[in-house]
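Here are my notes on the model you sent, set out as numbered points. Please read them with the structure open.

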Number of protein chains: 2
Amino acid sequence: MSLVTNTDVPEPIGAASPTCLLRDVLDRVGDKWSVLVMALLGDGPRRYSELQRSIEGISQRMLTLTLRSLERDGLVRRTVTPTSPPRVDYALTPVGETLSVEVSSLIRWAERHREYVATSRLRYDA
Amino acid sequence: MSLVTNTDVPEPIGAASPTCLLRDVLDRVGDKWSVLVMALLGDGPRRYSELQRSIEGISQRMLTLTLRSLERDGLVRRTVTPTSPPRVDYALTPVGETLSVEVSSLIRWAERHREYVATSRLRYDA
DNA sequence: CTGGATCCCCAATGATACTG
DNA sequence: CAGTATCATTGGGGATCCAG
C-alpha cells in the first residue's frame, strides 16, 4: 500500500518523467471548480445553465473553461441540441464516473470535518 | 447518495453560508502541494528535509507554508527535537489520517488513468 | 441559452539571500 | 537542519461586452 516509498531509493513524488502526468491530473482536481462540477455531474447530466445556477459564484468564463478542460481530458461528454435557443447537456464519461466517485468522497470528507477544521484554526490562531 | 440535488430547491454547492467551509477545505486540497504532502505522511512521519527531498520541485518556502497550513487545520502535528542541528518531524493527526486516505485514493486514480487522460487530450487537440 | 473575446488584477508560487 | 524575509513573477480567475 506504500504510495511512494516502497523502494530503497524512493522516486520523488510528482517527478516529471516523460510519462508522468500526475501533476497534470492533480492540477485538474486542484483547480477551483472541477471538483464541484464533477460532483454535480455525478448525480446525472446537467445543462449549462443548471450547472451555473448550482455552483455558487462561478462565472460564465470559468464554467466554460472548466467544462472544456474536463471534456478534453475525456471526463465529460458535451451534447449539443441545435434548437433555438440552443441546448447543451453535459454528462460524465465512464472514466469520468470513476473520478466523480473519488471527488464526491472528498467532498463528503470536507463536510464531515469542516467543523473540526474550523475549530482547529481558531485554536491555532490563538 | 445524492450530493447536492436531494431537495426540490437545491442549495447551490459551495454556498457561502456562515458555517459552510466547503470552499476552504477544498482550497486546501486544491493548492499545489498539500495533496502530495498528505500522501507522503500517510506512509508515516517524515522529517522536514525528507519531505523536501521526496517532493519534486517544492521550494523551502512552499513546503513550510504548506506544513503550517496543514498544522493549522489540525491535519498535521509538528514535533521539534531541540538538538543541534534541530530536528523537526511531521506526522498526521487522526483526522489527518482520514484525509490522507482520500487523497491517496485520488493519487492512485490519477496514476491509473493518466494514460487515458493523455490520449484524450491528444485526440481533442486534433 | 450558450458561449467567445478582452481586459485586468491579485494571490499563489518561485527565487534568492540570510539565520538560530 | 529548518526555517524566515523579501522581491519578482505569472497565470488563474473575475468582470464585462458581444454574438450565433
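**Notes on the predicted model**

1. The surroundings of DNA strand C come first. There are 19 residues around this strand, and A:Ser49, A:Thr64, A:Arg78, A:Tyr90 and B:Arg61 come nearest. Of the atoms of DNA strand C that come within 4 Å of the protein, 64% belong to sugar and phosphate. The model is predicted, and every distance below should be read as a value computed from it.

2. Which elements form the surface near DNA strand C? In chain A, helix H3 (48-54), helix H4 (60-72) and strand E3 (87-92) each supply at least two residues, and so does helix H4 (60-72) of chain B. H4(A) gives the most, with four residues. By class, this surface has eight nonpolar, four polar and seven charged residues.

3. Three side chains can be checked individually against DNA strand C. An N or O atom in the side chain of A:Gln60 is 3.1 Å from a base nitrogen of the strand. The side chain of A:Arg68 has an N or O atom 3.1 Å from a phosphate oxygen. From chain B, the side chain of B:Trp33 places an N or O atom 3.2 Å from a phosphate oxygen of DNA strand C.

4. DNA strand D also has 19 residues around it, and those that come nearest are A:Met62, B:Ser49, B:Gln60, B:Arg78 and B:Tyr90. Sugar or phosphate accounts for 58% of the atoms of DNA strand D within 4 Å of the protein, and bases make up the rest. The residues of this surface divide into eight nonpolar, four polar and seven charged.

5. Which elements supply the surface near DNA strand D? H4 of chain A contributes at least two residues, as do helix H3 (48-54), H4 and strand E3 (87-92) of chain B, each on its own account. H4(B) gives the most to the surface near DNA strand D, with four residues.

6. The individual contacts to DNA strand D involve bases and phosphate. A base nitrogen of the strand is 2.8 Å from an N or O atom in the side chain of B:Gln60. A polar side-chain atom of A:Arg61 lies 2.9 Å from a base nitrogen of DNA strand D. For A:Lys32 the contact is made by the backbone: one of its polar backbone atoms is 3.2 Å from a phosphate oxygen.

7. How many salt bridges does a search of the whole structure find? The count is 14 over all chains. Side chains of opposite charge can pair when their charged atoms come close. One network of salt bridges links A:Asp24, A:Arg28, A:Asp31, A:Asp73 and B:Arg121, and its members therefore come from both chain A and chain B.

8. In chain B, B:Arg23 forms a salt bridge with B:Asp27, with the closest N and O atoms 3.4 Å apart. Both residues lie in helix H1 (residues 22-30), four residues apart, about one turn of the helix. An α-helix has 3.6 residues a turn, so residues three or four places apart point the same way. B:Asp27 counts as partly exposed because its relative accessibility is 37%.

9. Two further salt bridges in chain B deserve a look. B:Arg28 and B:Asp31 meet at 3.6 Å, N to O. B:Arg28 is buried, at 14% relative accessibility, whereas B:Asp31 is partly exposed at 27%. B:Arg87 and B:Asp89 meet at 2.8 Å, N to O. Here the acid is the buried partner: B:Asp89 has a relative accessible area of 17%, while B:Arg87 is partly exposed at 33%.

10. Helix H5 (residues 94-125) of chain A has 32 residues, which at 1.5 Å a residue should span 46 Å. Its end C-alpha atoms are 44 Å apart, in agreement with that value. H5(A) also has a kink of about 55°, centred on A:His113. Please inspect the helix at that residue.

11. A last point concerns A:Gly44, in the loop between helix H2 (34-41) and strand E1 (46-47) of chain A. Is A:Gly44 buried or exposed? A:Gly44 is buried, because its relative accessible area is 15%, under the 20% cut-off. A:Gly44 and A:Tyr90 are 46 residues apart in sequence, but their C-alpha atoms are 8.8 Å apart in space. A:Tyr90 is also among the residues that come nearest to DNA strand C.

Note on methods: Residues are numbered from 1 along each chain as its sequence is written. Chains are lettered from A and ligands numbered from 1 in the order in which they are written. This is a predicted model: local features need pLDDT of at least 70, side-chain atom pairs count only at pLDDT 80 or more; totals for chains, interfaces and linings use all residues. Side-chain values use heavy atoms; hydrogens and water are left out. A salt bridge is a side-chain nitrogen of Lys or Arg within 4 Å of a carboxyl oxygen of Asp or Glu. Buried means under 20% relative accessible area, exposed over 50%, partly exposed in between (1.4 Å probe, protein chains only). A residue is near a molecule or strand if one of its heavy atoms lies within 4 Å of it. A polar contact is a pair of N or O atoms within 3.5 Å; within protein, one must be able to donate a hydrogen and the other to accept it, and residues adjacent in sequence count only if both atoms are side-chain atoms. Ala, Val, Leu, Ile, Met, Phe, Trp, Tyr, Cys and Pro count as nonpolar, Asp, Glu, Lys and Arg as charged, and the others, Gly among them, as polar. The expected span of a helix is 1.5 Å times one less than its number of residues. The bend at a residue is the angle between axes fitted to the seven residues ending there and the seven starting there.
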